[in-house]
Amino acid sequence: MAAARATPANPFPGPALADADSADQRAIPPELGTDSFAVLSGPTFLYSNGCGNVPTGSIGGLVHLDTRLISGWCLTVNGGELLVLRAETIDHYSAQYVLTNSELPGLPPNSLGVRRLRYVGDGFHERVELVSFRLEPVRVDLRLAVAADFADLFEVKSRVRDRSGEITRRHAADGSELCFSYQRGDFSAQTRVCCVKPADRIEGDDLVWEVELGPSEEWQVDLHVPLPPGMGVVEPVRGDIADVIHGRADDPLRRWLDDRAVLRSDSAALEHTVRQSRNDLSALRLDLEVKGQRIMLPGAGLPWFLTVFGRDTLITAYQTLVAGPALAKGTLLALARLQGETCDDFTDEEPGKILHEVRSGELTRSGEKPFGPYYGSADATQLWLILLSEYWRWTGDDETVRHLRDNALAALRWIDEYGDRDGDGYVEYATRSPEGLGNQCWRDSPDGVCFADGRIPVLPLATCDLQGYTYDAKLRLAELCDGPLDNPTLARRLRDEANTLHERFNHDFWIEERGGYYAVALDGDKNRVDSKTSAMGHLLWSGIVPPERADAVVRQLLSPDMFSGWGIRTLSREEGLYNALGYHLGTVWPHDNSLAALGLARYGFRAESNRISLAMIEAAEQFGYRLPEALSGFDRERLLFAVPFPTACSPQAWAAGTPLALIRAMLGINPVNGRLVLDPDVPEELGRITAERVRAFGQQWELEAIGRSGHVRLQPS
């Protein structure tokens, strides 16, 4: 019997790892209910159900720097749960819950008005307000049941280890504070719940207030959970809770937004969607210090990915360059600082490689997980070079490019020496880590790359998008070598290598059958993995598709089997594993579609690009103008409304960046020789689009376009 071979679904065949947890599990039931939401700031968030509670055993809680500091936070009155009248986020870091009581012994329904105000800033803050609507005095027990399990975020989305025997409690006898502490080896964490109005008693881990209220009398208590400093923590909002909720407190977010580009349109949907994107990107900012310089870059998404990523952060930074270069520069500097230096099987690190993600929780710091950082991404290195080039095109910042020269050359060496594992000219991947990812392209679920008949290919895999990115990266690095890097010899070599890759790729990956299309990958035996996927849109974005084949690729992407009406599906309905709810098997991803829209526009298919852009904007309308990480792939004409992917991150960085990329595609914005130029093709449905404070080449620009006409002018400083 032939030995089992490694596949992305089983990178290490054999019984030893059969029960191991996946390094990237995401298929978690929405246990908090469909009305759940979070408040967040940088790497900190609190996820709760619709009335603001966090039931123990759920995926909710207060998470800071990948450690769950609060796993239970349930407010009750006389032992009864409160009823939600309405709950909303105010800003990304603040929320308000308006509640009342159900029928309880001695307390008719709707006797109390209850308001919870909360925000995340220099800690987690919550104010609970009560008001009585009874004509006679009432006495109620207000109870806050608190739990702290100190779970690593990886455990929250899979299986939490019981640490109860290792958690110590030092609760204040006067009811002013709960204190939970945990230490294991070098890792320690603490949760303090401080009460401005001490509880009348503490029962176990519950705070209980005995509240007596006269007619129309009001009562309140403030709670505060301090947070330790650490990587990525942004400058927080501070102040009285009511001042924060009502916008009276000093807010660093507003100062940051005031420096960003502003878009206006005849289309209210487009304007609202872009405004929501700006707010979401600000919510996902991480604040780092690199060699004494403070920089910002986007974390990937709530709840699982509020950290430094490679691929996600790089694509988001590319999408958002039209709004300003700060996130792109921060991304380049941060990822360069953490660039691979050695070979490490456990972390998939190799010299010159750009990381996949960084974590700081217990499982990473104890060495059980490889994420400090983890390098299992075969595309982040090329995307880093692409972003470096695009940043330079928009800024002319020769100094930063020269500062990153050694990082760029190390990235090139990784592509040629480590990315190309067998010397065949293609970048391939196969994890060396027992905790690593089987798929290391953006389709990184275990079945994300599959044959048309549903078979999972053997490793290593050379996916088509990796080759497109490599082609683009080499041409862009050649441009930098002709410019600020001043290495014309290397520039000529890179162009020759890119041309060779272009020719070989179009021979080896092209499939003539079924109307002509590109295979999603070559497997470990160099067989074409023949499923039709949205990766073809990435190929157009990279420019590796010859003009004579572009029409066939566009027909495939916009065929009824690929285009749902809301966007391009990740996998065609023709294929064996198609699933409208499959993570990479038929869902519609906004970022995926934004790259396709840019690619279509690049090849002159402006009407088709606009079709994608309009579909995305219409989808955003259905989700409060916020595009989720992914939509289900159900057919629009059949269902009439968009259906979210069940466990999509929201907000999510490259979904938030998508509207800005679509604006670029519609306006045809490009930096050329130190100025911005427009080649607009704005859909009639959107009318006029104007943008102010667009930053490029150290100046601010104003843009205006309607239909196929438009102009650019410098904005007075």
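Guide: Before we start, a handy rule: the expected span of a helix is 1.5 Å times one less than its number of residues. Keep in mind, too, that what you're looking at is a predicted model.

Visitor: Okay, so how far does helix 10 reach from its first C-alpha to its last?

Guide: Helix 10 covers residues 405–419, which makes 15 residues. At 1.5 Å a residue, 21 Å is expected. The helix in the model comes close to that, with a reach of 20 Å.

Visitor: Which elements do the buried residues of helix 10 pack against?

Guide: Start with the residues themselves: Asn407, Ala408, Ala410, Ala411, Leu412, Trp414, Ile415 and Gly419 are the buried ones. Their packing partners are helix 6 (326–337), helix 8, helix 9 (398–403), helix 11 and helix 12 (488–508).

Visitor: Helix 8 and helix 11 came up there. How are the two oriented to each other?

Guide: The axes of helix 8 (residues 380–395) and helix 11 (residues 464–482) come within 8 Å and cross at roughly 40°. The crossing is left-handed. Angles under 35 degrees would count as roughly parallel and 65 to 115 as roughly perpendicular. Helix 8 and helix 11 fit neither class, so the word for them is oblique.

Visitor: And how many residues of the contact of helix 8 with helix 11 are charged?

Guide: On the helix 8 side, the contact includes Glu390 and Arg393, while helix 11 brings in Asp472, Arg476 and Glu479 among others. Nonpolar residues number 10 and polar ones 3. That leaves the charged group, which stands at 5.

Visitor: Is aspartate 472 buried or exposed?

Guide: Aspartate 472 sits in helix 11, and beyond its sequence neighbours up to four places away it touches Ile386 and Ser542. The cut-off for burial is under 20% relative accessible area. Aspartate 472 has 5% relative accessibility, so it counts as buried.

Visitor: Let's try another pair. How many charged residues does the contact of helix 5 with helix 15 have?

Guide: The axes of helix 5 (residues 311–319) and helix 15 come within 12 Å, crossing at roughly 45°, and this crossing is left-handed. Helix 5 supplies Ile315, Tyr318 and Gln319, and helix 15 supplies His591, Ser594, Leu595 and Leu598. By class there are 4 nonpolar and 3 polar residues, and the charged count is none.

Visitor: What is the separation of the C-alpha atoms of alanine 615 and glycine 565?

Guide: Alanine 615 lies in helix 16 (residues 606–621), and it counts as buried because its relative accessibility is 2%. Outside its neighbours within four places in sequence, it contacts Phe563, Gly565, Trp566, Gly567 and Arg636. Although alanine 615 and glycine 565 are 50 residues apart along the chain, their C-alpha atoms are separated by 6.6 Å.

Visitor: Last one: where is the place of cysteine 649?

Guide: With a relative accessibility of 1%, cysteine 649 counts as buried. Not counting residues up to four places away in sequence, it touches Leu302, Pro303, Trp304, Phe305, Pro628 and Glu629. Its C-alpha is 9.1 Å from that of alanine 300, 349 residues away along the chain. As for its place, cysteine 649 is in the loop between helix 17 (636–639) and helix 18 (653–656).

Technical notes. Residues numbered from 1 in each chain as written. Predicted model: local features only at pLDDT ≥ 70, side-chain atom pairs only at ≥ 80, totals over all residues. Heavy atoms only, no water. Axes fitted to C-alpha atoms, helices over the stretch in contact; angles between N-to-C directions. Helix = DSSP H or I, 4+ residues; strand = E, 2+ residues; numbered from the N terminus. Parallel < 35°, antiparallel > 145°, perpendicular 65-115°, else oblique. Left-handed = near helix turned anticlockwise from the far one by under 90°. Contact = heavy atoms within 4.5 Å. Nonpolar A, V, L, I, M, F, W, Y, C, P; charged D, E, K, R; others polar. Buried < 20%, exposed > 50% of the residue type's maximum accessible area, 1.4 Å probe, protein only.
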